[in-house]
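Colleague: I am new to this protein and would love a close look at one part of it. Could you walk me through a single strand and its neighbours?

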Amino acid sequence: MRAQNDAGRRTRRRWTAGAVGTTALLVLTGCSAEVQRGWYPGTRETTNHNAQLTDLWVNSWIAALVVGLLAWGAMIWCMVAYRRRKNDQGFPKQTAYNVPLETMFTIIPILMVFTLWGFTDRVQTEVDRPVDDSPLTVTVYGKQWSWDFNYSYEQENGEVVEAHYSGIQAQLDGSEGVRDTLPVLYLPKDVPVHFELKSRDVAHSFWIPQFLQKRDLIPGKTNHLYLTPQELGSYDGKCAELCGEFHSEMLFNVEVVDEAEFVQRLEEMEPGQVGDEYSRNPNNNPDGAGTMERDLQTPRGGGSH
Ligand SMILES: [Cu+2]
């Protein structure tokens, strides 16, 4: 009897230690900034949308965890409370086809899905609301395998600066310093930006992970993205849609700088814009299609590619 009691006490002590340990882990890690952001990149202030996007993500996880704990708890309770006892015979009482229960099991998940949808829709509508008076429009062209950035910036004195940067594909040959050779997208801090997203050839996707927003560039279509960068610094950008052999080299850097430096950078760039006339898509660039046809008919010298 004594031995049995000791074993029981030891088991209970082990359970208590486990529970205390788990709680401590949750409480302690709960304080770290990473956990509060749900391991999202950037900070709550990186753009004007980061805070609400982070909250949607973290709160969805909290809701999912609560549902998970209830479901796991119910499952474990059933396993323990209704386990097969020593002298049990035959099957336990069968309770299939319980209409009220099954109605509940249908209605509760539907309510959960609609709740999640409601919060998501609210944030999405807010984040995607067009900003009509953005002083800066950046027309982004994705192309195999780099980026063209066209800037049209209305300064405070009403003067409009137009400039562009035509990117060249990154050469990821393993040598150091390749990052510095990537195309750079300059953005002024605290100025609302309207991105017009286009493609010169196939489907690409414009993604700056720390901005928490990503949008496809579809040939023959213009997509839009509105945001205001709020923190100075360097960020990584990349293509997020498999677009061919060198998709992984379709990278760019983002520099969020103050307004004065931004204007200076624009002045250092090529003036004007590089528009649809450089696109390979024959549907919205008939001239481009002609050039392609000529290219195909011209025999090429060996060795080049
Ligand atoms: Cu791409």
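How many of the eight residues of E1 are buried, and what does that say about how E1 sits in the rest of the structure?

Modeller: Happy to help! Please keep in mind that this is a predicted model, where local features need pLDDT of at least 70, side-chain atom pairs count only at pLDDT 80 or more, and totals for chains, interfaces and linings use all residues. Residues are numbered from 1 along each chain as its sequence is written, and side-chain values use heavy atoms, with hydrogens and water left out.

To your question: eight of the eight residues of E1 are buried, so this strand is largely enclosed by the rest of the structure. Buried here means under 20% relative accessible area, exposed means over 50%, and partly exposed lies in between, using a 1.4 Å probe and protein chains only. Strands (E, at least two residues) and helices (H or I, at least four) are DSSP runs numbered from the N terminus.

The side chains of E1 go two ways. Leu-136, Val-138, Val-140 and Gly-142 point one way, while Thr-137, Thr-139, Tyr-141 and Lys-143 point the other, and all are buried. For the protein as a whole, buried residues make up 30% of its 305 residues.

Now for the neighbours. Two strands count as paired if DSSP finds at least two bridges between them. Strand E1, residues 136–143, runs antiparallel to strand E2, residues 146–154, and eight bridges join them. The link from E1 to E2 is a hairpin through two residues. Within this pair, Val-138 stands opposite Tyr-151 in E2, and Thr-139 stands opposite Asn-150 in E2.

Strand E5, residues 193–199, is also paired with E1, here in the parallel sense and over seven bridges. Leu-136 stands opposite Val-193 in E5.

Stepping back, these strands belong to an open sheet of six strands with mixed pairing, in the order E8-E5-E1-E2-E3-E11. Its edge strands are E8 (223–227) and E11 (270–271), each of which pairs on one side only. The protein has six helices and 11 strands.

For a contrast with the buried strand, look at Met-79, which is found in helix H3. Met-79 is exposed, with a relative accessible area of 55%. So E1 offers a view of the enclosed part of this model, and Met-79 a view of an exposed residue.
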